[in-house]
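Welcome! Grab a pencil and work through these short exercises with the model beside you.

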Amino acid sequence: MQTIFKAEIHKNLINNEWVESQSKETIESINPANKEEVVGFVQNSTKEDLNRAVEAANQAKKMWRKLGQAARGQLLFKAANILEENLDDVAETMTREMGKTLPEAKGETARGVAILRYYASEGMRKEGDVIPSSDKDALMFTKRVPLGVVGVITPWNFPVAIPIWKIAPALVYGNTIILKPATEAAVTAAKVVECFVKAGFPEGVLNFITGSGSVIGQGLIEHPLLNAITFTGSEGVGKNVAKVAADRGIKFQLEMGGKNPVIVSKDANLDMAVEAVLSGGFRSTGQKCTASSRVIVEEAVYDEFKEKLIHEAKKITVGNGLQAGIWMGPCASESQFKTVQYYIEKGKEEGASLVLGGEVLKGDEYDNGFYVSPAIFENVKSHMAIAQEEIFGPVIALIKAASFEEAIEIANDTKYGLSASIFTSNIQSLLRFVDDIEAGLVRINAESAGVELQAPFGGMKASSTGSREQGEAAKEFFTAIKTVFIKG
Ligand code: NDP
């Protein structure tokens, strides 16, 4: 039984006050599983609203820095508890707003709680190192200090986990922030921010502003009071963020797209590989930056693997992610829905063979949502668009490789380098893979789309600017180092 859902108007958060935009306009958020349902409304903010948010963060930065890391950590513990109490509501909102299934949404929200607790504990960890000086009468040490005002721009595909894995370290290390979430999932983000407000963060420390990427996102990175920007999203937008930030001389961090390969070697456990490829390729409707989109299979096991994969993929149930028993939800928006259809056609035109799915689903509830069936192509060549461009949908490209060496070459034949996995029982192959694969996340006998919050996360090549998020690595971006020398 679904709960009765009431669409609410969510406001911007500036200086701990929920305020309307000066535009007096709102943007509606639609349920991709049922276009007739409005999930909520967010503010269509103006540059003036943005100015107020950045000024609030700037005003608060000295007080927040001086509060100290331990006290800041305590507030994150409170936010974690409040998010945990609201887990069901936040997860249901996420499913309604961007379509992932309720169990996935609950898992992501629980992950958000764990990330908050991890960084809350950072409040009690070291802020620097003592380094021996060549002068025996001197004390030399480093001290980590905040950057100041940090802009946080996030995508819609992980509307709880990604904002939190940026906000939590930014705050505990003493920065004040302005969060601009993806418009597509801004209602969910607003509910996360409500948990921070209830936790009692002081005025101006966390500001939240919604509106279009071209006005609010662009305005944020160009704002003269901004000291740093952390961005996750598409490569196209990310490149522009990098240009503006580099031009202004502010610190920036970008995590962007992927075209993640999975190699299935001739000595792989094929059942294990099939399960991981289906999960990595189709969970969240393929809308993960770490999704498995190219599956490179050694010739010797190609036919057997393909048959097993298709057999299991046929069992996938597609529908409204709020319903029990649904394995894959709709595409998150009409534009994603159209993009997937574009690439299905493109794959066929380029000569790949669609061996499963890829159809727009019709009839009953399907007519009201953005549903496609999970698609598997074969006869895919590495130069084809479906093997090179990020689709961000439930489309797997099967590529045959004559040998293990060729499989690695194909795996690296893309501009992206986020995540990569291999299925093999051969120690030589896996060690070679670890060495030769061009990816920030290297996974052996595990799906490409797995992340642990205590470990560094990020890509190589066009997937990233090379800095890492999560775990201890987050400290590198969100702090600057002072080297202190004291002569006795
Ligand atoms: P977009 O790049 O379209 O948007 C990301 C964010 O940038 C949104 O908040 C968007 O606002 C904002 N934005 C848009 N235009 C500008 C601009 N000119 N200046 C500043 N900000 C702007 O990405 P999506 O939201 O569609 O997310 C999907 C992408 O994110 C995929 O490429 C995926 O691979 C990537 N991603 C990467 C991850 C990683 O860690 N590597 C993790 C998750 C996703 P608005 O919504 O209002 O347009």
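Below are four exercises, each with a worked solution.

This is a predicted model, in which local features need pLDDT of at least 70, side-chain atom pairs count only at pLDDT 80 or more, and totals for chains, interfaces and linings use all residues. Residues are numbered from 1 along each chain as its sequence is written, and side-chain values use heavy atoms, with hydrogens and water left out.

**Exercise 1. Describe the shell around the ligand.**

Step 1: Count the neighbours. The ligand is surrounded by 29 residues, and the closest are Thr183, Ser234, Met256, Cys289 and Glu390. (A residue is near if one of its heavy atoms lies within 4 Å.)

Step 2: Sort them by class. The shell has 13 nonpolar, 13 polar and three charged residues. (Ala, Val, Leu, Ile, Met, Phe, Trp, Tyr, Cys and Pro count as nonpolar, Asp, Glu, Lys and Arg as charged, and the others, Gly among them, as polar.)

**Exercise 2. Find the backbone atoms that make polar contacts with the ligand.**

Step 1: Recall the rule. A polar contact is a pair of N or O atoms within 3.5 Å; within protein, one must be able to donate a hydrogen and the other to accept it, and residues adjacent in sequence count only if both atoms are side-chain atoms.

Step 2: Go through the residues. A polar backbone atom of glycine 213 is 3.0 Å from a ligand oxygen. For alanine 182, the distance from a polar backbone atom to an oxygen of the ligand is 3.4 Å. Glycine 233 also has a backbone N or O atom 3.4 Å from a ligand oxygen.

**Exercise 3. Is glutamine 336 buried or exposed, and what does its side chain reach?**

Step 1: Locate glutamine 336 in helix H11, residues 334-349. (Helices, H or I with at least four residues, and strands, E with at least two, are DSSP runs numbered from the N terminus.)

Step 2: Glutamine 336 is buried, because its relative accessible area is 11%. (Buried means under 20%, exposed over 50%, and partly exposed in between, with a 1.4 Å probe and protein chains only.)

Step 3: Its side chain reaches the backbone oxygen of phenylalanine 392 at 3.0 Å.

**Exercise 4. Describe lysine 461 and glutamine 470, two residues with positive phi.**

Step 1: Lysine 461 has phi near 50° and belongs to strand E20, residues 460-461. Lysine 461 is partly exposed, because its relative accessible area is 33%.

Step 2: Glutamine 470 has phi near 65° and lies in the loop between E20 and helix H15 (474-478). Glutamine 470 counts as buried, because its relative accessibility is 1%.
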